[in-house]
Amino acid sequence: MKNRILIFLLIAFIWVPELYSQKIMTLRECYDLAMNANSLAGEKEAYSLISGLNDANLSKSRLPTVDAGATILYNSSVVDMKSVLGEIPIPGIADLIKPLPHEQYKVTVDINQVIYDGGIVRNSRLLEKADLGVNQKQTESDLYKLRAQINACYFSLLLIDRQKELLENYLGLIEKRITAMQSALQNDMIIKSDIDVMTSEKLKLHQQIKENETMKISLMKVLSDLTGAEISNSTAFIVPSLPNPSDNELSRPELELLDLRKDQLSAGLKLIESKRMPRAFGFATLGYGNPPGNNFFKNEFEPYFVVGASLKWNILDWNRAKNEKQIVALRQGILENRKNDLSDALKRQLETKNAEIENLKSMIGTDTVLIELRKSITSSSESQYNNGTITATELLNQINSEKQAVISYEIHKINLAMSQVEYLNISGKEIE
């Protein structure tokens, strides 16, 4: 009893670390890892930063602008006050007026403040927000396409693992059969060619298992590159449990992108309308010059200032705004047609995929019955072989038929899960 307990503890000590060292990876986890590992993943954050900077610049459009300037002018001709005043019949008055200078010097600080812009800044910020939504959704749409590649790798790995398990089980059965045949050969109950038939099948199974392992290494490398995660032989993949498709409702990012592009055009339309509104400005100039301001009679440097307000209204734009509105309407119509065409195409894909799912379910039901029949036939063939009524080749054919039936059943189960996942991907629904 003590020896049995020690053996049990030794087996548990070896088996438990292997259990915990096995990493389980779900399909949803692969999706999330691929979204973060792809080079496009950083674009959403970059677009957000760009939009934030643009919005900050637009919000500052309401702040006053301050410009510094300096000017030096030389006028070839100025008003000759002596000649003008010389005609006045008052002796010596012309000598009291200094001649106007030909040169003008000034250093200024110009301040301009928008009082009313017709909504240009507000609508420009709305357009910038719409641009951000479009850019981020475009990135999301591009990343969504990765799911097809991940599905192909993930379910291929599931299929390879299951096939390897089945091949190894049948290899064990063949090896047991060979061992039993070798005893029968020693007792002259069978001929050596019977063992050769089984040995050739054993070699074929070894070859299939080796091919299976080589293909798995290649697929693990591809999935590792897509997800950025370390994937090895210790990684276990789980067949996702999915509900049956219930409706044809679509929520694909491509459709959402088309809606956002329409919103973007609507925001642009508001900006076009705001540009046709009147705009009011206030301005001030602080200067230091000679002559100061418009006092041309003062030939010395002095500070001065100018304040005022202005109103601008483009009352005639030669139908440019009208044409731009028509362009926006035409583009919105194009986007609506594209959305309808894409929706119809996706719904057709869903109908096709739904028919594929139902067909696979029917095949799985048939596979279940077929496996039971094949097992019964194989059992009967083994009895016939032991009684010498059939050859080893005929027995092997029945074993292979049973093996193929089981493999087909597993393939159909995994293909069903993959079709259900593809149905969700086509509709745009998330996998839990």
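**Cores, sheet and backbone features of the predicted model**

Ile150 touches Leu27, Cys30, Tyr31, Ala34, Leu223 and Leu226 when residues up to four places away in sequence are not counted. The model described here is predicted, and the contacts of Ile150 offer a convenient entry to its nonpolar interior. The largest nonpolar core comprises 30 residues, and those with the most contacts inside it are Leu27, Ile150, Phe155, Leu223 and Phe237. At least two residues of this core are supplied by each of helix 2 (27–37), helix 7 (146–186), helix 8 (192–227) and helix 11 (392–427). Of the contributors, helix 7 gives the most, with nine residues. A second core, separate from the one just described, contains 24 residues, including Ile174, Ile178, Ala392 and Val406.

The packing of helix 8 against helix 11 was then examined. The two helices pack at an angle of about 30 degrees, and their axes lie 9 Å apart. Because angles under 35 degrees count as roughly parallel, helix 8 is assigned as roughly parallel to helix 11. On the side of helix 8, the contact is made by Asp194, Val197, Met198, Glu201, Leu205 and Gln208, while helix 11 contributes Ala392, Thr393, Leu395, Leu396, Ile399, Asn400 and Lys403. Classified by residue type, the contact of helix 8 with helix 11 has seven nonpolar, three polar and three charged residues. Ala392, which takes part in this contact, is also one of the residues of the second core.

A charged residue of helix 11 deserves separate mention. Glu410 is placed in helix 11, and its relative accessibility is 8%, so that Glu410 counts as buried, the cut-off for that class being under 20% relative accessible area. With neighbours within four places in sequence left aside, Glu410 is in contact with Arg162 and Leu166.

The strands were considered next. Four of them form an open sheet in the order 2-3-5-6, with antiparallel pairing. Strand 2 (65–74) and strand 6 (302–312) are the edge strands, each of which pairs on one side only. From one strand to the next, the twist averages 20 degrees.

Taken in sheet order, the pairings begin with strand 2 and strand 3 (residues 103–116), which pair in the antiparallel sense over 10 bridges. Within this pairing, Leu73 stands opposite Gln104 in strand 3, and Thr71 has Lys106 of strand 3 as its bridge partner. Strand 2 is nevertheless hardly covered, as the count of buried residues among its 10 residues is zero. Strand 3 in turn pairs with strand 5 in the antiparallel sense over 11 bridges, and here the bridge partner of Asp110 is Thr285 in strand 5. Strand 5 and strand 6, which run antiparallel, are joined by 11 bridges, and Gly282 stands opposite Ala309 in strand 6.

The loops on either side of strand 6 contain backbone geometries that merit individual description. As general background, most residues other than glycine have a negative phi, and most peptide bonds are trans. In the model, a cis peptide bond joins Asn290 and Pro291, with omega about 0 degrees. Pro291 is found in the loop between strand 5 (279–290) and strand 6.

Two further residues are notable for their phi values. Trp318, although not a glycine, has a positive phi of about 55 degrees, and its place is in the loop between strand 6 and helix 10 (320–386). The relative accessible area of Trp318 is 65%, and Trp318 is therefore exposed, since that class applies over 50%. Asn319 lies in the loop between strand 6 and helix 10 and has a positive phi of about 65 degrees, although it is not a glycine. With a relative accessible area of 47%, Asn319 is partly exposed.

Notes. Residues numbered from 1 in each chain as written. Predicted model: local features only at pLDDT ≥ 70, side-chain atom pairs only at ≥ 80, totals over all residues. Heavy atoms only, no water. Pairing = 2+ DSSP bridges. Helix = DSSP H or I, 4+ residues; strand = E, 2+ residues; numbered from the N terminus. Axes fitted to C-alpha atoms, helices over the stretch in contact; angles between N-to-C directions. Core = buried A, V, L, I, M, F, W, Y, C linked by side-chain atoms within 4.5 Å. Buried < 20%, exposed > 50% of the residue type's maximum accessible area, 1.4 Å probe, protein only. Contact = heavy atoms within 4.5 Å. Parallel < 35°, antiparallel > 145°, perpendicular 65-115°, else oblique. Nonpolar A, V, L, I, M, F, W, Y, C, P; charged D, E, K, R; others polar.
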